[in-house]
Amino acid sequence: MDGNGRWAKKRFLPRFAGHQAGLETVRRLVKYCAQENIEVLTLFAFSSENWRRPQEEVSLLMQLFITALQREVQKLHKNNVKLRVIGAREAFPNQLQEYIAQAEQLTAQNTGLTLVIAANYGGRWDITQAAQRMAREIQQGTLQVEALNEQQFTQYLCLADLPEPDLFIRTGGEQRVSNFLLWQLAYTEMYFTDTLWPDFDQAAFQQALHSFSTRQRRFGRTGEQLEKNA
Ligand code: IPE
Ligand code: MG
C-alpha cells in the first residue's frame with residue numbers, strides 16, 4: 001500500500017492526511033473483497049523498516065492503527081471477516097497488542113474473508129523466525145533433520161495455514177517487493193501500478209483482477225502442456 005505520502009503532498013497536506021485517506025481505501029477494498037468472496041486479503045501496513053521514519057510519523061501510524069481497530073472490528077465481525085495480524089507484534093505499544101489480540105479472538109471463528117494485516121512484518125524476519133522455531137524442535141529431538149523439506153519448512157511460516165497468494169499488487173509506482181512475503185511469493189503473479197494507494201479504488205482493483213485473469217500460470221510447465229490438459 002504505497003503512495004500515501006505523495007498523495008498528501010500533491011494536495012499540500014501533511015503526510016498523515018495521506019495515511020488517513022489510505023485507511024479509507026482499506027475500508028472500501030475490504031468490503032469489496034468480502035462481497036466478491038475473495039478468500040484472503042493480506043495488507044502490508046507497516047514493515048520492519050518503517051521504524052526508520054520520523055518518530056512523529058511512526059507514532060501517528062500507531063495511533064491510526066489503534067483507532068482503526070477500535071472503530072472497525074465490530075463491523076468486520078458482523079461481516080464475517082476473520083482478522084489476523086502477522087509480524088513481530090511485541091514491538092508495538094501494549095495497548096495496541098491488546099486490541100490486536102482481542103480482535104483476533106473475537107473474529108477467530110468467522111468463515112468469510114480472512115484479512116491479514118502485516119505489521120512490523122518482513123519476509124526475512126518470517127523466514128528467520130521459522131528457522132528458529134524449527135531449530136528448537138530439532139534441538140529438543142521432536143524433529144529429525146532428515147525429515148526436513150520445503151513443505152515441512154512452510155509449516156513454520158506465518159501464513160502456513162493459508163494458500164499462497166495468487167496476486168501481488170503494489171501501488172505507488174515502485175517495482176519492488178520490499179521484503180514482503182518473500183517465501184510465499186515464489187509463484188505469485190505480480191501487478192504494479194502508478195496509482196497512489198489512496199486513489200486505488202474499486203475500478204483500479206478490478207483492473208488488477210482483470211490483468212490477473214489474463215495470465216497463464218504455468219508453474220514451470222510449458223504452455224502446450226497446459227493447453228493439452230485444459
Ligand atoms: C505507504 O505510503 C504507507 C505506509 C508505509 C504506512 P508511504 O507513506 O510510503 O507513501 P509515499 O511513498 O511517501 O508516497
Ligand atoms: Mg512509500
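Let's start at ligand 1, where one of the oxygen atoms of the ligand sits 3.4 Å from a polar backbone atom of Gly3. Bear in mind that this is a predicted model. Backbone atoms of Asn4 and Gly5 also come within reach of ligand oxygen, and the three contacts line up like this:

| Residue | Partner in ligand 1 | Distance |
|---|---|---|
| Gly3, polar backbone atom | oxygen atom | 3.4 Å |
| Asn4, polar backbone atom | oxygen atom | 3.1 Å |
| Gly5, backbone N or O atom | oxygen atom | 2.9 Å |

On its own, ligand 1 has 380 Å² of accessible area, and the protein covers 86% of that.

Now for the wider shell. Around ligand 1 you will find Met1, Asp2, Gly3, Asn4, Gly5, Arg6, Arg15, His19, Ala45, Asn50, Arg53 and Leu61. Sorted by class, these are 3 nonpolar, 5 polar and 4 charged residues. Two helices, H1 (4–10) and H2 (15–35), each provide at least two members of the shell. The biggest share comes from H1, with 3 residues.

Another residue worth a visit is Arg84, which belongs to strand E2 (residues 82–86). Is Arg84 buried or exposed? Its relative accessible area is 19%, and the cut-off for buried is under 20%, so Arg84 counts as buried. The side chain of Arg84 comes to 2.9 Å from the backbone oxygen of Cys158. Cys158 is also one of the residues that Arg84 touches, leaving aside those up to four places away in sequence; the others are Glu104, Leu115, Val116, Ile117, Leu159, Asp161 and Leu162.

Technical notes: Residues numbered from 1 in each chain as written. Chains lettered and ligands numbered in written order. Predicted model: local features only at pLDDT ≥ 70, side-chain atom pairs only at ≥ 80, totals over all residues. Heavy atoms only, no water. Helix = DSSP H or I, 4+ residues; strand = E, 2+ residues; numbered from the N terminus. Buried < 20%, exposed > 50% of the residue type's maximum accessible area, 1.4 Å probe, protein only. Polar contact = N/O pair within 3.5 Å; in protein donor to acceptor, adjacent residues only side chain to side chain. Contact = heavy atoms within 4.5 Å. Near = heavy atom within 4 Å. Areas by Shrake-Rupley, 256 points an atom, 1.4 Å probe, with all protein chains shown as cover. Nonpolar A, V, L, I, M, F, W, Y, C, P; charged D, E, K, R; others polar.
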